[in-house]
Amino acid sequence: MRKNIVAGNWKMNKTLQEGLALATELNAALAGSELNCDVVIGTPYIHLASVSAAIDTTKIGVAAQNCANKASGAYTGEISVSMIKSTGAKYVILGHSERREYYAETSAILNEKVALTLAEGLTPIYCCGEALEVRNANQQNAYVKNQLEETVFNLSADDFQKIVIAYEPIWAIGTGVTASTEQAQDTLAYIRTIIAEKFGQEIAEGTSILYGGSCNAKNAAELFSQPDIDGGLIGGASLKVEDFKAIIDAF
Ligand code: PGA
């Protein structure tokens, strides 16, 4: 079902104690207020259980930032989706450009991760987005279409309706350069169009599509006012309660 969602991605920041302090501060800041969006925080793995226990998870969903591409077994250092689920987390961020680029995550690996996440009943927040040279060549639509066709467009219609899409142009991530409202809206509208071509209009209208990349307290309201932007995946600005709450309040 289409929802407005503001999802934080803490990336590899915060010790356990700092993360717990951030999560409990956010929890207190949101307590008692009516929210016009779902709120999610994507913490490092080791924070998941403690953060889930410390906050009202009916108000703030907890996400892992990755998962193993195997269900269980002899995979030293890996974390399975069933382990993530056992912490109380409800989401898994998958296909972030930093994982594709620095950890060589391919479409084949991502297909395994999406399938395992869905099999455990958790919600994948599936990221896509192009590099600067692709945008400069005006090939972003073809690039993103290919990323989706190689992965989540292979899901059944039933499963596709369980995922959230996040469009994050790589050139806007952590750079302070936000895609213009028009660029973000145009690409998200395009993504919705190709979802409609693949799965039909009703499913396209029901899909939550987020924008990510230097979204902050100042630009969130304008971005979220666009017809196809259903929220944001927020990196840097999710590390301060004041900023993250202002983005939540932009809805
Ligand atoms: P940013 O990161 O908000 O710091 O640009 C977004 C993301 O990578 O999810």
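Helix α12, spanning residues 241-248, is a handy place to start: V241, F244, I247 and I248 are all buried there. These four sit on the same side of α12, because the arc they cover around the axis is only 130°. As for what they face, the buried residues of α12 pack against β1, α1, β2, α11 (220-224) and β8 (231-234). All of this is read from a predicted model.

Three of those neighbours belong together. Strand β1 (residues 5-9) and β2 run parallel and are joined by five bridges. With helix α1 (residues 16-30) added, β1 and β2 make up a right-handed β-α-β unit. Strand β2 itself, residues 38-42, is mostly covered, with four of its five residues buried. On its other pairing, β2 runs parallel to strand β3 (residues 60-64), and here four bridges join the two. Helix α2 (residues 48-54) goes with β2 and β3 to make a right-handed β-α-β unit as well. G42 turns up in both pairings: it stands opposite N9, and its bridge partner in β3 is A63.

Moving on to the nonpolar interior, the largest core counts 61 residues, and L148, V152 and F160 have the most contacts inside it. Helix α9 (residues 181-199) supplies seven residues, the largest share of this core. Leaving aside residues up to four places away in sequence, L148 touches Y126, C128, F153, I165, I191 and I194. Another core, of 12 residues, lies apart from the largest one and includes I5, A63, I93 and C127. As a rule, nonpolar side chains in soluble globular proteins tend to be buried together.

Then there are the aromatic rings. Searching the whole structure turns up four aromatic pairs. In one of them, the rings of F153 and F160 have centres 5.9 Å apart and planes at 70°, so this pair is edge-to-face. F153 has a relative accessibility of 4% and therefore counts as buried; F160, with a relative accessible area of 0%, is buried too. F160 also pairs with F199, this time in a stacked arrangement, with 4.4 Å centre to centre and 20° between the planes. Since F160 lies in helix α8 (residues 157-160) and F199 in helix α9, the pair ties together parts that are 39 residues apart in sequence. F199 is buried, as is F160. Put together, F153, F160 and F199 form one aromatic cluster.

Conventions:
Residues are numbered from 1 along each chain as its sequence is written. This is a predicted model: local features need pLDDT of at least 70, side-chain atom pairs count only at pLDDT 80 or more; totals for chains, interfaces and linings use all residues. Side-chain values use heavy atoms; hydrogens and water are left out. Buried means under 20% relative accessible area, exposed over 50%, partly exposed in between (1.4 Å probe, protein chains only). Two strands pair if DSSP finds at least two bridges between them. A crossover is right-handed if, with the strands pointing away from the viewer, the path from the first strand over the helix to the second runs clockwise. A nonpolar core is a set of buried Ala, Val, Leu, Ile, Met, Phe, Trp, Tyr and Cys residues joined through side-chain atoms within 4.5 Å. Contact means heavy atoms within 4.5 Å. The arc is that of the directions from the helix axis to the C-beta atoms. Rings of Phe, Tyr and Trp (its six-membered ring) pair if their centres lie within 6.5 Å; planes under 30 degrees apart count as stacked, over 60 as edge-to-face and the rest as tilted.
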